[in-house]
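Hi,

Here is the structure I promised to pass on. Have a look at it first, and then read my notes underneath.

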Amino acid sequence: MTVLVLALTAGAVIGLALGALGGGGSVLAVPALIYLLGFTSAAAATASLIIVTATSATALYAHTRDGKVAWRTGALFAAAGIVPAFLAGAVAGRLPEAVLTAAFALIAALAAVRMLRPSTSEPPDRIRPGKAAGAGAGLGAVTGFLGVGGGFLAVPALVSVLGLTMRRAVGTSLLVITVNSLAALAARTGTSSGLHWEIIGPFTGAAILGAWDGKRLATKISGTTLQKIFAGVLLAVAAFMLVDVIA
């Protein structure tokens, strides 16, 4: 019963993050699955992709209804990152876990700092496809190297590099997360050992419900406040992972 309660609570929190902030799901899901629910690192990575894919797709639908998704920019962003993510993932597999953890923490902290700085990018209707594709390729390489869905980097990139408003970046990042997570799951076909579906099921259900609540929360909070909240989440994750590496 305690495990079920933990799964439902963690799922709800992750759903809120994805629905309101457009990212942070995989960043929060993996530690929750490992430290709270006893998954191995490999099983947690696969399980988090299942959870984040389902939750992101649900949240994407909700944001699409409100016209908050830049489909052309998001599609270019996601498509351009597939190959770089695959190649970077192959390199990352040969590096020590401590190096990857430290790199993850550093990138998360830099993304948070960037989110706290005022954006000077051009409005989204003036964004050129080449710029969107270039940023997507860079994001794909970084997220492939770190082994996460990429939402916590997609939102800062969409806001600061491509000039989307925070609300539009949140919706568009969900498209990027869904595509990236599906691609990563396809690459993990046949590696489902160690997955506890009796935990993943309730976890995913709670996350999906949380995503709807998060989407409603996003309509009641200013874009600037959302940026600060998102930056705070990233900094907290970065600090936690650095402590884990040092310990």
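Below is what turned up, going from a helix pair to a pocket and then to a single helix. Keep in mind that this is a predicted model.

**Two helices that pack**

Two packed helices are described by the angle between their axes and the distance between the axes. Take helix 1 (residues 2-21) and helix 8 (residues 166-187): their axes are 7 Å apart and make an angle of about 120°. Angles of 65 to 115 degrees count as roughly perpendicular and those over 145 as roughly antiparallel, so helix 1 is oblique to helix 8. If you want to find where they touch, look for L18, G19, A20 and L21 on helix 1, which meet V170, L174 and I177 on helix 8. Six of the residues in this contact are nonpolar and one is polar, with no charged ones.

**A pocket**

Next, try the second largest pocket, which holds about 280 Å³ of space. Which residues are the closest to its centre? They are A111, R114, L139, L153 and A157, out of the 13 that line this pocket. Helix 5 (97-116), helix 6 (129-146) and helix 7 (151-161) each give two or more residues to the lining. Helix 7 gives the most, with five. By type, the lining has 10 nonpolar residues, two polar and one charged.

**Helix 3**

Last, helix 3 covers residues 41-65, which makes 25 residues. From its first C-alpha to its last, helix 3 reaches 36 Å, close to the 36 Å expected at 1.5 Å a residue. After helix 3 comes G67, with a positive phi near 70°.

Have fun exploring!

Note on methods: Residues are numbered from 1 along each chain as its sequence is written. This is a predicted model: local features need pLDDT of at least 70, side-chain atom pairs count only at pLDDT 80 or more; totals for chains, interfaces and linings use all residues. Side-chain values use heavy atoms; hydrogens and water are left out. Axes are lines fitted to C-alpha atoms, for helices over the stretch in contact, and angles run from 0 to 180 degrees between N-to-C directions. Helices (H or I, at least four residues) and strands (E, at least two) are DSSP runs, numbered from the N terminus. Angles under 35 degrees count as roughly parallel, over 145 as roughly antiparallel, 65 to 115 as roughly perpendicular and the rest as oblique. Contact means heavy atoms within 4.5 Å. Ala, Val, Leu, Ile, Met, Phe, Trp, Tyr, Cys and Pro count as nonpolar, Asp, Glu, Lys and Arg as charged, and the others, Gly among them, as polar. On a 1 Å grid over the protein atoms alone, a cavity is a set of points where a 1.4 Å probe fits but cannot get out, and a pocket is an open set with protein on both sides within 12 Å along at least five of seven lines; lining residues have an atom within 4 Å of a point. Grid points are joined across faces, edges and corners, and a volume is the space filled by probe spheres set on the points. The expected span of a helix is 1.5 Å times one less than its number of residues.
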